[in-house]
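Hi,

Here is the structure I promised to pass on. Have a look at it first, and then read on for what turned up in it.

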Amino acid sequence: MEPADCIFCKIVKGEIPCAKVYEDGQVLAFLDIAPVTPGHVLVIPKAHHADLFALPDSLGAALLAAQKRVGRAVMAAVGASGLNVQQNNAASAGQVVFHAHYHLIPRREGDGLRLWPGTPYADAAGMAAVAAAVREALASLE
Ligand code: 5GP
Ligand code: ZN
C-alpha cells in the first residue's frame, strides 16, 4: 500500500507532471527536477517500494534493462561520455523521496563532479576485519 503523500506515486498516476523520457509496464523514467548534471534521469518502479531493500527481486531485470536503455539514450542526447548510477537508501545516505529510484547522472571528462572521495583503509588487518564482519552478517541472514 502506497503512502498518500508519495511524490513519485503521484507522478506515476499523472497527478503531478514530469518530463517523462521512458515508460513500460513496470518502470517509469523522467528528468530529475534538480539535476546534478544536465540530463540527470530518475528510473523508478511504478509500484511503490520504499527503497532497495523493499524492492522485489522480480523487478530487478526490468529496472536494470531500463537503466541501460535510458542510460545510453541520455548519454547520446546530452553528449556525455560516462554515466553514474546512484541509488540512495535511508536519510543517512541522502534519500529524500522514499519511493525507490535510481539516479542516472551523465558525465563528461573534466565536469568537476567528485562523487567518490575514497580514503584507503589504514591497514590490511582493519580491512580484513570489516570483510569478516560482513561475511558473518551474511551468514546470520541465511
Ligand atoms: P533522493 O535524494 O531521494 O535519492 O533523490 C530524490 C530526487 O528526486 C532528488 O534528486 C530530487 O531533485 C528529485 N525530486 C524531488 N521531487 C521531485 C519532483 O517532484 N519531480 C522530479 N522530477 N524530481 C523530483
Ligand atoms: Zn511511491
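**Salt bridges**

Let's start with Asp111, which is partly exposed, with a relative accessible area of 32%. Before going further, please keep in mind that this is a predicted model. The side chain of Asp111 meets that of Arg107 in a salt bridge, at 2.8 Å from N to O. Arg107 counts as buried, because its relative accessibility is 16% and the cut-off for buried is under 20%. So here a buried residue is paired with a partly exposed one.

How many salt bridges does the count come to? The answer is four. Another one links Glu23 and Lys46, whose side chains meet at 2.9 Å, N to O. Glu23 sits in strand β1 and Lys46 in the loop between β3 and α2 (60-78), so this pair ties together parts that are 23 residues apart in sequence. Glu23 is partly exposed at 41% relative accessibility, and Lys46 is partly exposed too, at 24%. Which residues are joined into one network by salt bridges that share partners? They are Lys20, Glu23 and Lys46.

There is also a salt bridge between Glu15 and Lys13, with the closest N and O atoms 3.9 Å apart. Glu15 counts as exposed at 52% relative accessibility, while Lys13 counts as partly exposed at 48%.

**The sheet**

Now for the strands. Five of them form an open sheet, in the order β1-β2-β3-β5-β4, and the pairing is antiparallel. Which strands stand at the edges? Those are β1 (20-23) and β4 (82-86); each has a single partner strand, so one side of each is left without a neighbour in the sheet. On average, and ignoring direction, neighbouring strands of the sheet are turned by 20 degrees against each other.

Strand β5 is worth a careful look. On one side, β5 (residues 102-107) is joined to β3 (residues 41-45) by three bridges, and the two run antiparallel. Within that pairing, Val41 stands opposite Leu104, and Val43 has Tyr102 as its bridge partner. β5 also pairs with β4, again in the antiparallel sense, over five bridges. Here Val85 is the residue opposite Leu104, so Leu104 has a residue facing it in both pairings, because Val41 stands opposite Leu104 as well.

Is β5 enclosed or open to the outside? Six of its six residues are buried, so β5 is largely enclosed by the rest of the structure. In a regular strand the side chains alternate between the two faces of the sheet. In β5, Tyr102, Leu104 and Pro106 point one way, whereas His103, Ile105 and Arg107 point the other way, and all are buried. Arg107 is the residue met above in the salt bridge with Asp111.

**The loops on either side of β5**

Two residues to look at lie in the loop between β4 and β5: Asn88 and Ala90. Asn88 is buried, with a relative accessible area of 12%, and its side chain makes a polar contact of 2.7 Å with the side chain of Gln86. Ala90 is partly exposed, at 34% relative accessible area. What is the phi of Ala90? It is positive, at about 85 degrees, although Ala90 is not a glycine.

After β5 comes Glu109, in the loop between β5 and α3. Glu109 counts as exposed, with 75% relative accessibility. The C-alpha atoms of Glu109 and Ser81 are separated by 7.3 Å, and these two residues are 28 apart along the chain.

**A nonpolar patch**

Last, the surface. Which residues form a nonpolar patch there? They are Tyr121, Met127, Val130, Val134, Leu138 and Leu141, and together they have about 600 Å² of accessible area. One of them, Val130, has its place in helix α3 (residues 124-141). Val130 is partly exposed, with a relative accessible area of 38%; residues in such patches need over 30%.

Over to you, and enjoy looking through it.

Technical notes: Residues numbered from 1 in each chain as written. Chains lettered and ligands numbered in written order. Predicted model: local features only at pLDDT ≥ 70, side-chain atom pairs only at ≥ 80, totals over all residues. Heavy atoms only, no water. Patch = residues over 30% accessible without salt bridge, like charges linked within 9 Å, V, L, I, M, F, W, Y side chains within 5 Å. Areas by Shrake-Rupley, 256 points an atom, 1.4 Å probe, with all protein chains shown as cover. Helix = DSSP H or I, 4+ residues; strand = E, 2+ residues; numbered from the N terminus. Buried < 20%, exposed > 50% of the residue type's maximum accessible area, 1.4 Å probe, protein only. Pairing = 2+ DSSP bridges. Axes fitted to C-alpha atoms, helices over the stretch in contact; angles between N-to-C directions. Polar contact = N/O pair within 3.5 Å; in protein donor to acceptor, adjacent residues only side chain to side chain.
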